[in-house]
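The exercises below are meant to be worked with the sequence and the structure side by side. Please try each task before reading the solution that follows it.

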Amino acid sequence: MGSEIPDILSAEFAENPYPAYQVLRDEAPLHHHEAMQSYIVARYEDVERVFKDQVFTTANYDWQLEPVHGKTILQLSGRDHSVRRALVAPAFRGSELEEKFLPVIEKNASELIDAFRSDGTVDLVSQFANRFPINVIVDMLGLDKSDHARFQKWYTSIIAFLGNLSQDPQVAEDGVRTKEEFAEYMLPIIRDRRSNLGDDLLSTLVTAEIDGETMSDEDVKAFCSLLLAAGGETTDKALASMFALLLQHPEQLAAVREDRSLIDRAFAESLRFHPPVHMIMRQPSEDVEIAGGVIPAGSTVTALIGAANRDERRYKNPDAFDIFRDDLNVTSAFSAAANHLAFALGRHFCVGALLAKAEVEVAANMLLDAMPDMKLEDGFAPAEKGVFTRGPAELRVNFTPA
Ligand code: HEM
């Protein structure tokens with residue numbers, strides 16, 4: 001007899017989703033969740049297909065994100081999508097990233113580390129990971145970092161809206177208020193930037209021409225809102241997870257400390273093992289056969305990244321954190337050819353993946369230098385929080401100041 005199909009909305013699932021993912025993969029690879037009104041897929045090959053096959057549209061973002069952002073590239077397809085994506089993509093890779101934005105990343109990492117480097121103790125979540133990626137994207141856009149608390153409140157509320165699986169009315173209300181507050185804050189800045197251009201990403205957005213027309217203030221605002229939410233919450237959790245996992249595997253931490261070229265490996269493996277985004281939704285444009293069943297056109301599909309990344313049909317010993325595993329391709333891990341699913345795949349593959357990699361490389365190097373003997377505080381065990389997005393709630397570390 002099979003196990004009972006676990007409920008994604010239950011407290012047990014929030015505590016530890018991995019046993020539930022196993023049951024879903026083995027016994028219900030296509031599961032209909034009544035309360036979420038969604039079909040759930042859990043195996044690697046099915047989640048991969050949901051991301052790559054264009055029958056699975058992103059129309060779900062019309063209700064899942066548009067009420068808090070306005071319309072963004074996540075909802076677009078075809079040329080509309082590629083033209084707008086190309087406006088920001090160069091800033092997140094290659095020479096523009098290295099020459100213009102790497103110094104911004106380095107400055108932000110060292111500013112935050114300076115604040116605790118002589119203390120001998122730190123919570124890497126609240127004192128570093130929560131602040132670093134959002135500060136970077138705020139600086140890249142040319143906004144005011146002293147407004148950090150507001151940005152953080154806004155992006156947390158946007159991500160909560162996105163992941164509001166139980167349709168909590170308070171979360172929905174907060175999301176809509178965030179949209180209004182963010183518009184009130186951003187629209188005057190956007191209007192001002194149009195006549196006071198700088199060397200920043202916001203200036204790129206306000207001057208960009210699409211088919212001979214510039215983007216409206218509303219469109220630019222929606223783009224900024226997406227960048228703040230997508231670039232803040234995810235990299236924050238990725239960085240904290242990587243350090244939590246390394247600190248729990250001291251021999252792998254020692255190897256990375258010794259050979260810093262292993263940081264990319266450690267990052268890729270922690271994205272597989274503890275992805276910051278555990279699920280992404282889609283809406284098929286026609287009836288689709290998948291995972292032994294049929295998903296009707298127009299219904300919602302939830303693709304479980306967290307489950308797919310632990311699929312034993314795809315990875316050997318998937319529940320072991322092993323930065324040396326030979327079935328995860330590190331060279332392609334930050335591109336659309338990746339063989340893990342943390343950044344999704346296909347048309348909407350994370351446009352910020354290389355920025356995230358650059359941030360993690362810089363931060364990890366600086367943190368390892370500043371804390372040569374870092375270890376978890378005695379008696380402290382890192383615990384993860386979150387269902388839609390997930391990462392360590394805190395990460396208390398002790399060290400002898402360098
Ligand atoms: C480790 C860190 C990150 C993770 C795990 C991550 C994850 C993801 C995922 C899963 C998607 C696909 C969403 C979908 O297909 O529905 C996505 C898309 C996106 N990400 Fe990231 N992300 C990260 C970092 C960043 C950063 C630093 C930025 C930039 C500031 C960023 C900007 C975006 C944008 C704009 C999209 C939409 C792309 C499109 O629609 O073409 N992300 N990300």
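**Exercise 1.** In which loop is the place of leucine 262?

Solution. The model is a predicted one, and in it leucine 262 belongs to the loop between α14 (250–258) and α15. The next step is accessibility: leucine 262 has a relative accessibility of 12%, and because buried means under 20%, leucine 262 counts as buried. As a last step, follow the chain to leucine 328, which is 66 residues away from leucine 262 in sequence, while the C-alpha atoms of the two leucines are 13 Å apart in space.

**Exercise 2.** Determine where the ligand sits, and which elements and kinds of residue make up the shell around the ligand.

Solution. Start with the site, since the ligand sits in the largest cavity. The elements that each give two or more residues to the shell around the ligand are α6 (78–88), α13 (217–248), α15 (263–273), β7 (279–284) and α17 (353–370). Of the shell, the largest share comes from α13, which provides seven residues. Sorting the shell by residue type then gives 20 nonpolar, six polar and three charged residues. Finally, among the 29 residues around the ligand, the ones that come nearest are Tyr61, His81, Arg282, His348 and Cys350.

**Exercise 3.** Which atoms of arginine 85, alanine 230 and histidine 348 lie close enough to the ligand for a polar contact, if the cut-off is 3.5 Å?

Solution. Take the side chains before the backbone. In histidine 348, a polar side-chain atom is 2.6 Å from an oxygen atom of the ligand, and in arginine 85 a polar side-chain atom is 2.7 Å from an oxygen atom of the ligand. With alanine 230 the atom concerned is a backbone N or O atom, and this atom lies 3.5 Å from a nitrogen atom of the ligand.

**Exercise 4.** Why do cysteine 224 and cysteine 350 not form a disulfide?

Solution. Recall that a disulfide is a covalent bond that joins the sulfur atoms of two cysteines. For cysteine 224, the closest cysteine sulfur is that of cysteine 350, but this sulfur is 17 Å away, which is too far for a bond. With a cut-off of 2.5 Å between the sulfur atoms, the count of disulfides comes to zero. The surroundings can be added as a further step: cysteine 224 is buried, having a relative accessible area of 0%, whereas cysteine 350 is partly exposed, with a value of 29%.

**Exercise 5.** Aspartate 211 and alanine 344 both have a positive phi without being glycine; is each of them buried or exposed?

Solution. Aspartate 211, with phi near 50°, lies in the loop between β5 (209–210) and β6 (213–214). Its relative accessibility is 60%, so aspartate 211 counts as exposed. Alanine 344, with phi of about 60°, is found in the loop between α16 (305–308) and α17. Here the relative accessible area is 10%, and therefore alanine 344 is buried.

**Exercise 6.** Where does arginine 347 lie, and how many residues separate arginine 347 from phenylalanine 51 in sequence?

Solution. Arginine 347 is placed in the loop between α16 and α17, and its relative accessible area of 28% makes arginine 347 partly exposed. Arginine 347 and phenylalanine 51 are 296 residues apart in sequence, yet their C-alpha atoms are 8.0 Å apart in space.

Technical notes: Residues are numbered from 1 along each chain as its sequence is written. This is a predicted model: local features need pLDDT of at least 70, side-chain atom pairs count only at pLDDT 80 or more; totals for chains, interfaces and linings use all residues. Side-chain values use heavy atoms; hydrogens and water are left out. A residue is near a molecule or strand if one of its heavy atoms lies within 4 Å of it. A polar contact is a pair of N or O atoms within 3.5 Å; within protein, one must be able to donate a hydrogen and the other to accept it, and residues adjacent in sequence count only if both atoms are side-chain atoms. On a 1 Å grid over the protein atoms alone, a cavity is a set of points where a 1.4 Å probe fits but cannot get out, and a pocket is an open set with protein on both sides within 12 Å along at least five of seven lines; lining residues have an atom within 4 Å of a point. A molecule sits in a cavity or pocket if more than half of its atoms lie within 2 Å of its grid points. Helices (H or I, at least four residues) and strands (E, at least two) are DSSP runs, numbered from the N terminus. Ala, Val, Leu, Ile, Met, Phe, Trp, Tyr, Cys and Pro count as nonpolar, Asp, Glu, Lys and Arg as charged, and the others, Gly among them, as polar. Buried means under 20% relative accessible area, exposed over 50%, partly exposed in between (1.4 Å probe, protein chains only).
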